[in-house]
Amino acid sequence: MHAVIGDQGMGYYQVAYAYYTIILLISSYSIPSAISKVIAQKLAVKEYRNAHRIFKCALGYVLAVGGVASLVLFFGAGLFVDDEYIPVLRTLAPTIFVYGILGVLRGYFQAHKSMAQTSVSQILEQIANAIVSVGGAYLLIKHGMGSMEVPADEAGQVARATYGAIGSALGTGAGVLTALLFMLGIYGLNKNIIQGRIRRDRHQNEESYSNIIKTITAVVTPFILSTAIYNLSGTVNTSVYTKLLPSLREVSTSEIASRWGIFSGQAQTISNIPIAFATAMAAAMIPSVAQLMAARNEEGARNSIGMAVKTTMLLSIPCAVGLFVLARPIIGLLFSNAREAEDLATALLMSLSLSVVFYALSTLNSQILQGLGKLNMPIVNAGIALAVQTAAAVGLLFFTDLDLYSIAIANTLYSGVMCLLNQWAVRRAVGYRQEVTRTFLIPALAAVFMGAAAWAVYEALLMLTKSPKISVVVAVLLGVCVYFVMLLLFRGVTEQELRGFPKGYLLVKLAKKIRLMR
């Protein structure tokens with residue numbers, strides 16, 4: 001997408017997407033987690049009829065709320081963004097309505113402890129998103145501008161960037177619609193099984209729809225506030241940089257958009273990839289923790305939390321080290337930049353690498369707190385972290401020349417504060433104390449060896465092949481192998497834990513074959 005629409009087009013898209021995200025979070029995004037929690041509690045006691053009534057009420061809820069949110073975003077786009085971003089934001093608006101329905105379906109299957117449907121739908125969503133985003137941007141630029149060449153005049157550059165960003169926004173909607181059609185098909189295939197369970201349900205305490213709506217609202221509202229405040233960080237950073245900086249410096253709006261495209265569209269996008277592991281882990285955790293707490297099995301909940309945290313750290317710590325060590329070749333692998341833009345994107349990615357660990361852990365713990373029934377704690381913690389971040393971002397922009405690095409520092413500070421506050425809150429909520437050595441210290445030590453090996457291999461191959469792309473791919477693959485070996489040598493993971501990973505039995509078999517595990 002970056003190759004088609006450039007830094008300025010990415011800037012337009014990312015600014016509009018930040019405001020779209022907040023409206024989506026407020027209206028629909030938290031639905032899967034919230035609904036899965038409520039339905040899981042009913043399934044735990046085999047109240048299948050009430051679980052399905054909750055499902056139907058949730059659909060009505062998102063149809064109403066999502067519809068209103070889409071209309072507000074479409075007709076009120078000018079209240080959120082400046083004129084140059086309005087067409088992109090309006091293109092994104094209908095997606096909110098569709099996402100609400102998709103979210104309820106995903107939450108319903110997650111409540112049954114089945115993540116396969118959600119996982120496949122997300123893969124299909126991103127495939128459709130990628131194809132339509134790139135294809136739509138190309139076709140709109142080609143049709144609107146007559147060619148793919150970047151105009152020399154500023155007005156032409158703005159028009160080209162706008163066409164490209166609108167095309168990219170169409171991809172977001174196409175992806176969500178594709179996922180919805182898939183989930184509807186899966187629901188249709190399982191409808192007879194669902195109806196059979198309902199017919200066999202002998203519970204007499206059928207809940208009224210009015211009570212269910214009250215329950216959904218009571219559970220969804222804290223989820224929404226928590227998720228919205230937690231993710232408001234990005235929107236605040238967008239507003240601070242794109243609206244405050246022009247009043248402090250002699251910088252055109254086009255240049256601001258281009259710089260923001262480098263930060264948000266390149267460095268931050270890459271740093272967010274490992275955090276997706278924690279988000280997926282959190283989505284899978286909520287029904288499990290909610291059911292364990294409903295059964296008053298606090299010991300089971302603590303064990304489940306401990307395993308989730310350790311798994312998240314085993315993945316996020318080496319990712320952070322890898323992004324820091326190989327920042328430049330990773331940027332070069334994915335984006336085509338001029339030297340100056342590549343230097344900036346590289347430095348920004350390095351400065352964001354630590355936030356990968358903080359965001360992964362704080363995201364996981366936010367969802368754990370909600371699964372434990374401590375719905376307000378993530379809201380309070382996110383509010384405190386947001387205040388600290390905003391003060392830091394504004395102060396650094398006003399009193400230093402750090403420019404985009406001010407936002408990177410504030411972003412890391414926000415994630416660090418959230419990480420500490422959420423970890424403390426989980427500890428108090430369930431008497432949970434995280435094991436440190438195997439969860440944090442050994443993965444960090446193994447990641448240091450991994451980073452050194454990956455950097456050395458990259459530099460050596462670069463001298464031999466003169467190809468940064470070949471060198472970085474080989475370096476990453478070798479780094480993964482080194483991390484795996486060092487993790488086993490330092491006894492950072494047990495056989496049982498390793499079997500819990502995808503294809504874990506193959507990893508155990510490999511570890512025993514090379515005599516790293518008995």
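Student: Which residues line the largest cavity?

Tutor: The model is a predicted one. In it, the largest cavity is lined by Val-15, Tyr-19, Val-81, Asp-82, Tyr-85, Thr-242 and Lys-243. Two elements, helix H1 (2-29) and helix H8 (209-248), give two or more residues to this lining. The volume of the largest cavity is about 30 Å³, and the count of cavities of 30 Å³ or more comes to 1.

Student: How many nonpolar, polar and charged residues does the lining of the largest cavity have?

Tutor: By class, this lining has 4 nonpolar residues, 1 polar residue and 2 charged residues.

Student: Turning to pockets, what space lies in the second largest pocket, and which residues lie nearest its centre?

Tutor: About 1,200 Å³ of space lies in the second largest pocket. Its lining is made up of 37 residues, and those nearest the centre are Phe-277, Leu-315, Pro-318, Cys-319 and Val-480.

Student: Which helix supplies the largest share of the lining of the second largest pocket?

Tutor: That share comes from H16, with 9 residues. Helices that each supply at least two residues include helix H9 (253-294), helix H10 (298-325), helix H11 (327-334) and helix H17 (495-499). In terms of class, the lining of the second largest pocket divides into 31 nonpolar, 5 polar and 1 charged.

Student: How should one read the sign of phi, and where is Lys-466 placed?

Tutor: Most residues other than glycine have a negative phi. Lys-466 has a positive value, with phi near 60°. Its place is in the loop between helix H15 (437-465) and helix H16 (468-489). Lys-466 is classed as exposed because its relative accessible area is 65%, and the cut-off for that class is over 50%.

Student: What is phi of Arg-515, and is this residue buried or exposed?

Tutor: Phi of Arg-515 is near 65°, again a positive value in a residue other than glycine. Arg-515 is found in the segment after helix H18 (504-513). With a relative accessible area of 77%, Arg-515 is exposed.

Student: How many disulfides does the structure hold?

Tutor: The structure holds 0 disulfides. Cys-419 is in no disulfide, and the nearest cysteine sulfur, that of Cys-319, is 16 Å away. A disulfide would need the two sulfur atoms within 2.5 Å.

Student: Why is Cys-419 classed as buried?

Tutor: The class applies because the relative accessible area of Cys-419 is 8%, and buried means under 20%. Cys-57 is buried as well, with a relative accessible area of 8%.

Methods: Residues are numbered from 1 along each chain as its sequence is written. This is a predicted model: local features need pLDDT of at least 70, side-chain atom pairs count only at pLDDT 80 or more; totals for chains, interfaces and linings use all residues. Side-chain values use heavy atoms; hydrogens and water are left out. Buried means under 20% relative accessible area, exposed over 50%, partly exposed in between (1.4 Å probe, protein chains only). Helices (H or I, at least four residues) and strands (E, at least two) are DSSP runs, numbered from the N terminus. On a 1 Å grid over the protein atoms alone, a cavity is a set of points where a 1.4 Å probe fits but cannot get out, and a pocket is an open set with protein on both sides within 12 Å along at least five of seven lines; lining residues have an atom within 4 Å of a point. Grid points are joined across faces, edges and corners, and a volume is the space filled by probe spheres set on the points. Ala, Val, Leu, Ile, Met, Phe, Trp, Tyr, Cys and Pro count as nonpolar, Asp, Glu, Lys and Arg as charged, and the others, Gly among them, as polar.
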